[in-house]
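Hello,

Here is the structure we talked about. Please open it and keep it beside this message while you read; my notes follow.

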Amino acid sequence: MPQSFRKEEQRVDFVRLEEHILALWDREHTFERSVEQRRGREPFVFVEGPPTANGLPHPGHILTRVMKDVILRYKTMRGFYVPRRAGWDTHGLPVEIEVEKELGLNTKGEIEQFGVEEFNRRCRESVFRYEKEWVNATKRVGFWIDMNNPYITFTSDYIESVWWSLKEIWKRGLLYRGHKVVPFCPRCETALSTHEVAQGYQDVEDPSIYVKFRLKSDSAFMLAWTTTPWTLIGNIALAVHPGHTYVKVRVREDEQWDILILAEARLDDALNGHEYEVIDRFRGEALEGMEYVPLFEYANITGGAAHKVLTADFVSLDEGTGVVHIAPAFGEVDYELCRSRNMGFTQPVDSKGRFTEEVPPLRGIFVKDADKRIIEWLRERGILFREARYLHSYPFCWRCGSPLLYYARESWFIAMKSLRESLIANNEKINWYPGNLKYGRFGNFLENIEDWALSRERFWGTPLNVWVCNSCGAEYCVGSVHELRERAVSDVPDDLHRPYIDQVVLRCENCGGEMKRVREVIDCWYDSGSAPFAQWHYPFENTDEFRRNFPADFITEAVDQTRGWFYSLLAVSTAIFNEPPYLNVLSLGHILDEQGVKMSKSRGNVVDINRIFNNDGADALRWYLFTAGPPHDDIRFSERDITRSKKFMNTFWNSYFFFITYAIIDRFIPHKEAIPVDKRNYMDRWVISRLNTVIGEVIEAIERFDVHVAARRLEEFVVNDLSNWYIRRSRRRFWIPEESFDKECAYQTLYEVLMTLCKLLAPFLPFITEHIYQNLRDTEQPDSVHLCDYPTPVESLIDAELEDSMSMVVKLVEAGRRARSDAGIKIRQPLSDVVIACSDADKLTKVRNLMDVLRDELNVRAVRLCVEHPAATGYIRVDVDDTLSLFLNTQLDKGLIAEGLVRDIVRRVQGMRKELDLDYTAEIRIMYECDAEVEEAIESFRDYICAETLAVELKRGKDGHMYGRSWKIGDRDVYIAISER
RNA sequence: GGGCUCGUAGCUUAGGCUGGUUGGAGCGCUCGGCUGAUAACCGAGAGGUCCGGAGUUCAAAUCUCCGCGGGCCCA
């Protein structure tokens with residue numbers, strides 16, 4: 001039984017096609033088999049950066065999913081074992097905020113009143129609210145990943161692995177308690193993430209005051225500047241720049257003279273017209289360690305010295321006085337400076353932003369409301385030098401509009417600074433795409449790494465696994481559920497989340513007292529950074545699995561993950577294993593709207609991906625995303641361009657459709673016995689050579705993650721080489737009715753090229769390639785294109801010289817067409833000859849091999865080659881390059897004109913066949929009426945006309961039963977009628 | 001405010017590392033041609049301050065610096 005191909009529609013509905021393929025993959029478990037088939041081969045390890053499914057997936061998510069997919073499918077086809085496991089990120093503040101909104105809760109107090117148990121239950125539920133949409137979109141876009149068995153960061157196994165890793169860090173003394181200055185909303189009683197802070201900046205006017213601090217050793221004052229008078233209550237130090245020049249000046253204030261110290265560069269601005277006289281100049285470092293009289297005696301200072309002048313490089317001379325007031329409770333740099341110089345700490349403000357009883361006159365007053373009182377006091381005591389107003393941008397709570405306070409909170413840290421060298425060394429082992437990130441954004445970040453503030457005073461997250469003794473203050477980090485059970489004096493819940501875990505009391509090994517868990521949960525970035533081991537429940541289970549899958553060969557996410565997941569993975573892995581967790585990382589650009597503006601819900605410019613799936617299909621979307629530009633560049637999303645990417649798919653489809661159409665007619669059987677390529681004609685050898693060259697280029701590009709280059713090479717091959725040149729030039733070889741060696745060569749060649757293209761394109765366009773492959777394959781071949789090996793170039797099939805010759809011929813053809821166009825002679829009109837003149841003998845030889853192509857394409861009877869330019873008249877000249885020119889003979893004789901007429905008639909008949917929608921193989925009768933000259937032409941080309949149009953009868957006359965039309969050919973009238981025999 | 005990145009025709013882009021004929025191409029537009037796979041294709045035309053400015057150089061889209069605009073990250 002000879003192989004026969006299924007018939008196809010010329011106009012294909014990609015969306016329906018894709019739905020069928022999805023069902024096929026489901027039925028046949030193609031994904032699972034594509035992975036399993038490679039078991040035992042070299043692994044290619046991928047880690048999925050877990051998304052949070054508490055919102056709908058948007059185009060940016062789709063981009064990362066298809067980029068992951070194209071690489072993983074490619075590696076699979078290259079023979080690697082590439083298991084892929086989905087993951088879900090399920091903890092964290094964004095989840096809590098969504099639930100707060102739904103419940104109408106605003107503060108932590110309200111959540112506690114509502115009940116942490118119920119609150120967390122709702123959080124857990126919310127993170128899978130859009131799971132179905134995520135799963136659907138993932139499947140629909142063709143991203144193959146195992147979503148039946150995902151890792152989930154809230155499961156007890158995952159949490160236990162995270163606990164184990166934190167205990168490792170704790171055992172090494174890298175987990176410590178300290179203060180962190182965070183942007184804090186006093187009304188919501190919550191620290192805000194930087195992202196939340198960023199959306200709440202407003203321009204406001206604040207007081208701007210210049211305050212005099214009296215030095216103890218001297219009658220001089222340090223003149224400092226601040227826009228937040230209330231923070232003066234927490235003043236611990238003053239800072240000056242060690243290298244800049246400071247001056248001691250006598251300044252006139254009303255009737256008296258003061259001696260002030262400030263930066264020389266700030267003199268004019270700060271003194272604002274006051275009369276002054278410089279009496280001393282020195283570098284800032286000369287002030288180091290000088291003590292001053294505190295402004296207020298309220299603060300209860302612990303843990304170190306106070307009221308001294310310090311030097312610090314961050315002091316700027318852009319504004320103020322060059323003397324900076326330092327309050328460690330209210331500023332991050334302030335806090336860091338005091339900590340590094342062993343200065344003390346004071347926190348006179350409570351978590352609602354009100355002064356505590358440490359400050360009796362201001363007790364219970366909100367800090368911002370205290371500014372006026374404080375300024376008044378300073379004025380009364382004569383230490384307010386100047387007061388003004390100051391316009392600047394200041395952050396407010398996006399939720400309630402309260403001004404945010406920078407506020408020191410107790411926090412747990414991982415000492416990343418001490419791992420700096422290891423982080424940098426591990427980064428050395430990672431390949432970054434694009435490369436600039438390695439030493440740029442990411443490298444710089446590592447150079448200046450800060451300790452990781454790990455804890456969050458929140459509810460829904462992995463509970464921080466540290467217990468503290470009520471009696472002796474001992475700390476203990478629990479590293480497993482087993483350990484927890486052993487040491488607990490109460491029951492251990494199955495659910496390790498708050499509030500249950502908060503009830504677990506441990507016995508203190510030091511003093512026998514009771515230990516309670518600290519209240520914090522951990523940063524959810526630590527959760528996802530633990531994915532390489534926690535997804536395996538390592539080290540409690542799957543130790544071999546983990547070892548085989550660490551480090552990952554490949555991860556990819558959008559560039560905003562540089563300091564997010566890319567960092568948290570490296571941080572955790574360096575702390576625990578001192579190894580890089582991934583070896584190649586591809587950072588992707590973002591999807592912007594057509595105006596180049598970020599897509600966001602609030603702007604309402606987010607494209608509905610389901611509409612794209614339903615209108616254009618997944619392959620068209622994928623192709624658009626792959627070809628839009630380098631993967632690391634932002635994409636301005638344009639639906640019009642997606643439609644354009646369908647053009648390429650149409651061309652690919654039509655090439656296949658052409659093949660199928662004639663292969664069915666001719667009952668072509670693939671793989672009957674392959675004709676050696678060197679026995680085939682030059683067009684066949686050429687297209688096979690081009691194909692193999694392109695295979696090499698595609699592989700090289702994907703290996704560099706230049707996905708866009710690979711895709712564009714393929715597109716160029718399909719459109720230019722295959723469709724517009726090979727098939728167009730070879731069409732007639734398929735039309736010959738009888739069996740022939742040459743026809744068999746053409747069929748075999750086109751079949752092989754299409755099959756190879758399916759495999760080459762399969763990682764990019766998994767649907768259409770699968771569909772075409774299913775029809776083309778025979779039973780010997782794998783039952784899915786995705787189970788095939790990726791093609792590799794066969795060097796012996798690459799004929800660089802032939803490719804070279806052909807590209808020269810293409811140029812000559814273009815030149816010839818231009819010559820015709822200039823002369824106003826259409827291509828259908830045969831001409832007698834064309835002369836190719838070339839001073840380069842080597843080039844001329846290359847053209848000589850392909851003269852037939854030139855003759856056919858230019859529709860001339862003869863092609864002549866010569867070294868010298870001919871001096872003949874009647875020729876029109878076009879230069880191709882310095883050495884190569886084309887001369888087209890534009891003289892017409894009677895014979896040529898007759899042949900041109902006949903071609904026109906054939907063309908009209910073919911058009912009429914199409915109008916009648918006749919089968920390609922249908923035979924017809926033709927009748928015509930015309931003048932004598934045309935009739936003579938028809939008669940002399942009778943056989944040619946019949947062969948071209950499959951006519952069995954061609955005669956003069958008219959028949960009302962036939963389909964007839966009158967034509968104007970040149971200036972002659974011709975009537976033609978046809979009918980099926 | 002700082003770091004990174006991008007800016008080429010109406011739109012999407014190649015080229016930029018390694019400076020050197022007239023800065024390529026696709027879509028769209030105008031005109032002409034071709035067409036029995038193709039809503040495809042071919043030819044001609046209109047359309048460019050290569051974001052702006054300065055510098056280096058015999059020579060800059062390309063290298064350097066300073067701006068402007070978009071994006072991301074951080075403050």
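**Contacts with the RNA**

The side chain of Lys647 has an N or O atom 3.4 Å from a phosphate oxygen of RNA strand B. The model is a predicted one, and every distance here is computed from it. For Trp735, the gap between a side-chain N or O atom and a phosphate oxygen of RNA strand B is also 3.4 Å. For Arg731, a polar side-chain atom is 2.8 Å from a phosphate oxygen of that strand.

Which elements give two or more residues to the surface near RNA strand B? They are α15 (441–447), α23 (639–666), α25 (707–735), α28 and α31 (894–915). Helix α23 has the largest share, with eight residues.

In total, 46 residues surround RNA strand B, and the closest are Gln10, Arg441, Gln910, Arg913 and Tyr920. By type, the surface near the strand has 22 charged, 12 polar and 12 nonpolar residues. On the RNA side, 75% of the strand B atoms within 4 Å of the protein belong to sugar or phosphate, and the rest belong to bases.

**Helix α29**

Now to a helix and its packing. In α29 (residues 841–848), the buried residues are Lys843, Leu844, Lys846 and Val847. Viewed down the axis of α29, these residues fall within an arc of 155 degrees, so they line one face of the helix. An α-helix has 3.6 residues a turn, so residues three or four places apart point the same way. The buried residues of α29 pack against two helices, α28 (800–823) and α30 (851–858), and two strands, β27 (831–838) and β28 (860–866).

Regards

Methods: Residues are numbered from 1 along each chain as its sequence is written. Chains are lettered from A and ligands numbered from 1 in the order in which they are written. This is a predicted model: local features need pLDDT of at least 70, side-chain atom pairs count only at pLDDT 80 or more; totals for chains, interfaces and linings use all residues. Side-chain values use heavy atoms; hydrogens and water are left out. Buried means under 20% relative accessible area, exposed over 50%, partly exposed in between (1.4 Å probe, protein chains only). Helices (H or I, at least four residues) and strands (E, at least two) are DSSP runs, numbered from the N terminus. The arc is that of the directions from the helix axis to the C-beta atoms. Contact means heavy atoms within 4.5 Å. A residue is near a molecule or strand if one of its heavy atoms lies within 4 Å of it. A polar contact is a pair of N or O atoms within 3.5 Å; within protein, one must be able to donate a hydrogen and the other to accept it, and residues adjacent in sequence count only if both atoms are side-chain atoms. Ala, Val, Leu, Ile, Met, Phe, Trp, Tyr, Cys and Pro count as nonpolar, Asp, Glu, Lys and Arg as charged, and the others, Gly among them, as polar.
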